[in-house]
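Q: Please take one part of this model and walk me through it closely. I'm new here, so keep it plain and explain the terms as you go.

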Amino acid sequence: MNSSEAPVKLDLGLEVQPAEETVPDLKKIRKISNYADEEKDMVPSLKPTAINTSHSSIPQFSSMECNSDEDSHSGLGDSQQSGKNRRISFAANVKSHRARSASQWSRLGVDEEFRGRIDTTGSTWSQFSFTYGTKEIRPLEDNYTDIGNRPSLRQLLHQGEENLHTDESENEEAAEDEEKDQTDKGKPGSIKNGDSVKYIRDNSGNSSVDIKLKIVNSIPPTSEPEKFDWVRGVLARCLLNIWGVMIFLRIPWCVGHAGILEMTSIILLSTVVTIITTLSMSAICTNGFIKGGGAYYLISRSLGPEIGGAVGIMFAFANAVAVAMYIVGFAETVRGVLIEQGLLAADWDLWDIRLIGLVTCIVILAVALLSLSLVVKVQLSLLVLLIVAILDVTLGSFVSPPWRDDRTKYGFTGYNYTTFSTNLMSDYGQKENYFTVFAIFFPAATGILAGANISGNLKDPEKAIPKGTLLAIVISTFTYIALSFLCGAVMVRELESDGMIQGLKNLDSQVMANISFTYVILVGGIVAASLSSAIASLVGAPKVFQAICKDHLFPYVGAIGKGSPKDDEPRRGYILTALIGLAFVAVGELNVIAPLISNFFLVSYALINGACFMGSVSKAPSWRPSFRFYNKWLALIGFLSCSSIMFMIDYFTALISYFVIGALFVYLVVRDPNVNWGTSTSAFAYLSTLHSILKLQNSADHVKTYRPQILAVSGDPKKHQELVTLASAITKNSSMMICGNIIDKANTNKSVPEFKEVKDWLMDNKIKSFYCPFFCSNFRQGVSCLLQTCGIGKFRPNILFLGYKYNWKLAHPKDVEDYVNVIYDTFDFNCAVCILRLPKKTAKLIEQTNETEDDENDQPDTAISISTPTQHENIFRARQSKGTIDIWWLYDDGGLSILIPHLISLNWKWSGCQLRIFISGSRSKLDDDHGVMLKMLQKFRINVKFLKVIPELKSKPSREEWKKYEAMQKEFETEHDEKNAYISAKAKEDPNNLRVTKRNVRIGELVRMHSSKSTMVIINMPLPRNLDQAQYQYMCWLETLSENLPPTILMRGNQENVLTFYS
C-alpha cells in the first residue's frame, strides 16, 4: 500500500482500496475548500459499475473500513476543472474523523496553519468541524437511552490538548491488514471478503477508481417480533376482550334483574370507570416510550417496583383467571348445543363443563404456542364472526324466521310495549342487588388493557393505545346499551314453559339464541367471543409476567418468563397461565368466577388512576404526556371509585385482594430490588419534602422539637467505620447525619473515593447518612465551610463529631493549632462538639489530607479521623455486651451530655447497656445533691440505673498524676510570650489557669478509677479559658481526661436546652 494512503471509517461493513493514485496538490485542496458547502460523503458519490449489489449473498454489516488514497477521494482537480462545485469529505463519519492522527494529515503535505484554517472555516470538512478536536458529540437519540455513549463531564474536562489522537501503531496494523487482503479474490456477482470492484463518480464520468471490499464485521441476522398497528394490535384485541362471553350469556340475565334503566346505569358506570382509567393510562403511555408489560409496566414505572410488582402479579393472575371464565362460558354454550342435539345427557352438569373446558384450554394453548401473529390472525377471524353474530341477534329481534316459530314458548314476544314497560324497572331476586349484578357484568368491560398488555409488540404504542382503546370503549358501550334495550323489549322476565322457567332471568345460554335469527350463527358468535377472549387473556398474562421476570423483582422465577430465542415469546408463561386457568375451570360456575375477576381488575384500574394522579401532582419536569385529555382530579375520582366499588361488590374478596397486594408490597420493600425508574412517588416525595422544609423554615425553634443533627468529619466512611457507626446509632431513623470528607485540593497523590461508592457502602451498612466531600486548602477551612454550607433550612448540623487526634504530640504545630481552632470555630457557630477516642489497641490516626506515600512532603497534616488497622472488625458494628455507659455530667451544657447517651442506649446494639451518671457535689450535702439530681432525671424521663455524687472532684490530683501531667506539658512549653500553639511561661504561672488544669487532671484520675470497666464513657469536655489559650495546653487537658479508658466521647453542648420537663 502506498505510504500516503490512510484508512477512512465507513458504516457499510466494507473496506475500499483505490487502485492507483497520487498525493493531491496542496493548491487544489485550497481551491476545493472554497467551494460551496455541500453535505455529501464519499461513498454516496460513487456508483457501482461492475457488481450486482442486490445479490442475495450480501451479509448484514455493522462496520467497515475504507482505505483510500486522499486524491482518490475526490478526483480533486478533475471535479474542479469540470466546473462542478464539489466538497470532498475527508472522513465518512464523526467517529472516524476523530480517530485521524496528525501523521495522517502530514501525509497530505498539509501544514499546521492551513490545517487549522480548513477546520475553522468549515468549508472542506464543515460536517465535522463543530466538534473536531474534542470529545464532544452532537445530540443523538441513542445518548438518551441505555446504549448512549455520551462522554462524562470529567472526561471532557480532562480530554487533553491534542485534537487528533489515533495511535500510530493502530494505523500501521490497519495498513498491514489491507496489504494482506489485497491478494484475496472474491466471487463475481456478490460482495464478499476481498472482492475487487470498479466504481465511477456521479459527477465525473471520466474519473474512475478501483475499490477493494473487505468485510470487517458482520452481524448474524436476527428475527424481530412482528409489530402491529393500532387496529390489529389494540382496537381488535380490546373489542374481542370486551365483547367477551358476557355479551351473549349474561346481558339478558342482568337486564332481567336490574331492568333496562338500571342496566343502562350499570353499563354507563362501567364505561365511566373504564374511560377514566383509559385517559389515565393514555397519559402514562404518552409520557415516554413504553415497553412490554401492560398495566405492570405503567404502574411500576410510575409508582415504583414495590407497588408495580405487587399489582403486576395480581394483574397477571387476573388474566389467567379470566381464561377460565371465558372457557367456562364457551363450555356452557357447547354443552347446551350438545344437549339440544341429544348428544349429551343433562345429568353431569359441572363435569361436562370441566371436561369441555379441559379440551378447550389445551387447544388454545397450542394456538398460542405456535405464534403470536397466528393468534392475531385467529382473533381477527373471530372478531368478524362475533360482529356477524351481533347483527344476527339484531335481525332476529325484528324478523321471525319461519323455521323458528316456537320462540314464544321461551318468552319471546317481539317488540312489545307491555314487555318493554315491564322490564324497564328492576326486579331483583333474594340474593341479587345492584352491585351483585354489576359484579357479574363488569368483566365484560375489563378488556381495555388488552392492547397495553402487548405494548412491546405495537408499532407506535404511545398513539395506538389511547386511540384504539377509547374507540373500543365507545363501540362496546353503544353495543351493550343497544342489546340491553333489545332484550328488554322482546323478551319477558319469567315464563313457565314445559315445567321450566324461561325468560331473561334464565341462566341458560339459550336466551340470546331464542332472540337470534339464525341459531347456528349465534352459537358461532358465542364460541368466537369466548375463544377470542380466552386467547387474548392467555397471551396477555404471560407478557405481564415476562416483564416482571425481566426486572428481576422476584427470585427464582426468571426461567418461567424467559422468551424463546426466535421471537422472545414467553412460552413457559403460556403453560403456567393455562395451568392456572385449568384450576379455575374446575370451579365450573361463571357467576362465581366473575366477581373475583372484577376485584382483581378494579385493583389494577385503581392504581393506574393513582399513578396518573401522583405523576400530575408531583409536578416533575419529566411529566410531559403528549395525550392532553386527562385531569389529575378525574384520575383521583377514578382511583376512589374503583376502590369503593370493590368493597361494594364483595368486601371479603376486596380485603383478600388488598391483603395479597400488601403482602407482596412488604416483601418487595424488604427485598429492596436494585432498580431506579424515576417514579412519580420519588418526584412526589421530593415535592412534599420541599414543602415541609419551607414550612419548617418559618417555624421557630423549640426545645421539644430538638434533634441532634450530626456532621461527622469521617473522611472516607469505609476507612473510619467506628466514627460513622457510632454517629449513626445516635441519629438513625430520627435525625440527620452528614459524613464530611475534607480533601486537600492541592494534594494529587491522595485517592478520593467515588461518591457512588461511598453511597452504596452507606446503604449496604444501613447507615442513614448523607455524604459530602469538600475540597479546600486546609482542615480548619474545610470544617468551617461544611458547618456553614451543609444542609438547608432547619436541616443543618448542630453537632460536630470528630475523631481524636492521637498523634498530636508528634504532629506539626500547625496541625494542632488547626485541630483546636476547629473546636473554637464550632462553638462560635453555636454548635456542640463531640470527640470520639478509642482505646490504643483499636485507634490509629488517619491523615485525611496532605497524605503522601513518602516522608518527603513536610506540609502540615490537617484532617483527623479514626480507623481500625489492627483489627478489621468495626467494634461498634456488633451488638454490645451487657455493661454500662458512664456519663460524667460535670457542667450544665443544656442537657446534651445526657440526651446523647440516652439515644445511644435506645439503639438495639446498645440495649444491654444501662446508664450510670456521675456528678460533682459537696461532701456535706451528698444526699441532697443525689435526691435533687435523681428527681430532675425523672422529670426528664431519663431511665438511669445508677447515680453517684463525687465530692472528690474538688480535691487536688494525686502526686503521681500531677507529675505525669507536668512531664507531658513540659514538652510543649516555651520561654517566649508569643501567641502560638506552645504554652508560654506566663500562661503556665497564671493561677486561674493552674487551678483549671489541676481540676482536669483530677477528673481524669477519677474517671479512670470509676469507669475503666464500663462499655463507653461520656465526659463533659472543658471549654478553653480564652481564645488566646495555647492549643497544646488544651490538647494536654483532653489527653489527661481521656487516656487509658474504654471508648470515650468528649462532649460539650452549646449551652442551650435540649431537654425539657414539659409535654
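**A close look at helix H12**

A: In H12, 29 of the 36 residues are buried, so the rest of the structure largely encloses this helix. Buried here is under 20% relative accessible area, with exposed over 50% and partly exposed in between (1.4 Å probe, protein chains only). Helices are DSSP runs of H or I with at least four residues, strands are E runs of at least two, and both are numbered from the N terminus. Keep in mind that this is a predicted model, where local features need pLDDT of at least 70, side-chain atom pairs count only at pLDDT 80 or more, and totals for chains, interfaces and linings use all residues. Residues are numbered from 1 along each chain as its sequence is written, and side-chain values use heavy atoms, leaving out hydrogens and water.

So where does H12 sit, and how long is it? It covers residues 305-340, and its 36 residues should span 52 Å at 1.5 Å a residue (strictly, 1.5 Å times one less than the number of residues). The C-alpha atoms at its ends are 52 Å apart, which agrees. Just past H12, Gly-342 has a positive phi of about 75°.

How far to trust the wider chain? Its mean pLDDT (the predictor's confidence in each residue, from 0 to 100) is 75, and 72% of the residues reach 70 or more. Residues 1-101 have pLDDT below 50, and residues 178-222 stay under 50 too. Where pLDDT is low, the predicted coordinates shouldn't be read in detail.

Elsewhere, Cys-487 counts as buried because its relative accessibility is 0%, and Cys-834 does as well, at 1%.

Note on methods: Contact means heavy atoms within 4.5 Å.
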